[in-house]
Amino acid sequence: MSTITADDGTEIYYKDWGEGPVVTFSHGWPLSSAAWDVQMLFLVQNGFRVVAHDRRGHGHSSQASARNDMDGYADDLAAVLNTLDLNDATLVGHSTGGGEVARYIGRHGTGRVAKAVLIAAVPPLMLRTAQNPEGLPLEFFDGLRAGLVKDPSQFYQDLAPQFYGANRPGSTVSQGMLDQFWLWSMQAGLKNSYESIKAFSETDFTDDLKKFDVPTLVMHGEDDQIVPVKDSAPKSARLIAGAREIYYPGAPHGLTATHQDRINADLLAFIQGA
């Protein structure tokens with residue numbers, strides 16, 4: 001397997017396909033880089049080099065005991081970019097991966113970055129606080145942690161329909177799509193998955209978003225049951241100078257799978273645009 005060694009010795013698995021301008025992908029919780037395969041193949045076929053890594057503790061990366069937080073995730077992304085010497089890259093992040101991209105830019109700057117894309121991303125802050133009253137209560141995330149620990153396999157099976165909107169009337173989501181979510185999720189270490197809930201829900205990315213100085217596209221499904229659109233994408237777009245926004249009526253959190261043709265077309269148009 002292709003791996004990069006992070007500063008603390010964690011082995012980070014990555015895939016590197018194609019030739020051309022670089023696009024990197026940061027995946028959502030609790031999945032792996034495999035969740036990006038359709039987008040990656042599409043962009044390779046359109047003349048791009050695509051790189052995606054498995055977050056520490058997820059997929060094929062080693063299950064680190066420490067740094068299962070946004071700073072650790074951002075530094076791992078930096079290790080990928082630096083080790084492979086990637087420049088003028090478009091950074092694409094879905095869900096927790098959007099937080100990873102935001103914290104990378106906030107922490108490491110945009111010296112290697114040409115553009116950024118946040119898809120159904122967790123910024124600016126998911127948790128309800130006095131400054132973010134529209135957020136979700138801490139009890140909600142405590143419930144996620146309790147359910148995960150009680151029965152991880154069933155927890156992921158129950159989460160998949162919400163992720164892809166398969167619990168909505170008229171859904172055409174296949175059993176295969178739900179099964180692959182379970183498979184990818186089960187590859188994550190329990191400690192890593194558990195601690196990632198705090199990372200994606202309690203991290204405030206406000207200051208990170210204010211540091212974006214590259215063209216940025218914010219994309220979000222309007223029927224997202226995991227990261228409610230009203231408290232995420234519009235707020236992030238207001239914090240990022242000049243950000244573009246695209247909203248998808250009826251689309252769920254896992255819209256990169258359920259609406260892949262539209263996402264691929266919009267992603268390509270943005271990356272190729274001036």
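What follows is a student and a tutor talking through ring pairs, charges over rings and the sheet in this structure.

Tutor: Ground rules before we start: this is a predicted model, where local features need pLDDT of at least 70, side-chain atom pairs count only at pLDDT 80 or more, and totals for chains, interfaces and linings use all residues. Residues are numbered from 1 along each chain as its sequence is written, and side-chain values use heavy atoms, with hydrogens and water left out.

Student: Why is the pair of Phe-25 and Trp-36 called tilted?

Tutor: Rings of Phe, Tyr and Trp (its six-membered ring) pair if their centres lie within 6.5 Å; planes under 30 degrees apart are stacked, over 60 edge-to-face, and the rest tilted. Phe-25 and Trp-36 sit 4.8 Å centre to centre with 45° between the planes, so they pair and land in the tilted class. By this rule there are nine aromatic pairs.

Student: What makes Phe-25 and Trp-36 a tie between parts of the chain?

Tutor: Phe-25 is in strand 3 (residues 22-26), while Trp-36 is in the loop between strand 3 and helix 1 (37-44), so the pair joins parts eleven residues apart in sequence. Helices (H or I, at least four residues) and strands (E, at least two) are DSSP runs, numbered from the N terminus.

Student: And why is the pair of Phe-140 and Phe-141 called edge-to-face?

Tutor: Their ring centres are 5.2 Å apart and the planes stand at 85°, so the pair is edge-to-face.

Student: How do you know whether Phe-140 and Phe-141 are buried or exposed?

Tutor: Buried means under 20% relative accessible area, exposed over 50%, and partly exposed in between (1.4 Å probe, protein chains only). Phe-140, at 37%, is therefore partly exposed, whereas Phe-141, at 1%, is buried. Both rings belong to a cluster linked by ring pairs, along with Trp-29, Phe-155, Tyr-156 and Phe-200.

Student: Why does the charged end of Lys-115 count as sitting over the ring of Phe-270?

Tutor: The rule wants NZ of Lys or CZ of Arg within 6 Å of the ring centre and within 35 degrees of the ring normal. The charged end of Lys-115 sits over the ring of Phe-270, 5.0 Å from its centre. Likewise, Arg-55 has its charged end over Tyr-73, 5.1 Å from the ring centre.

Student: What makes strand 1 and strand 8 edges of the sheet?

Tutor: Two strands pair if DSSP finds at least two bridges between them. The open, mixed sheet has eight strands in the order 1-2-4-3-5-6-7-8. Strand 1 (3-5) and strand 8 (244-248) each have a single partner, so one side of each lacks a neighbour in the sheet.

Student: How do you know that strand 1 pairs with strand 2?

Tutor: Three bridges join strand 1 to strand 2 (residues 11-17), running antiparallel, so the requirement of at least two is met.
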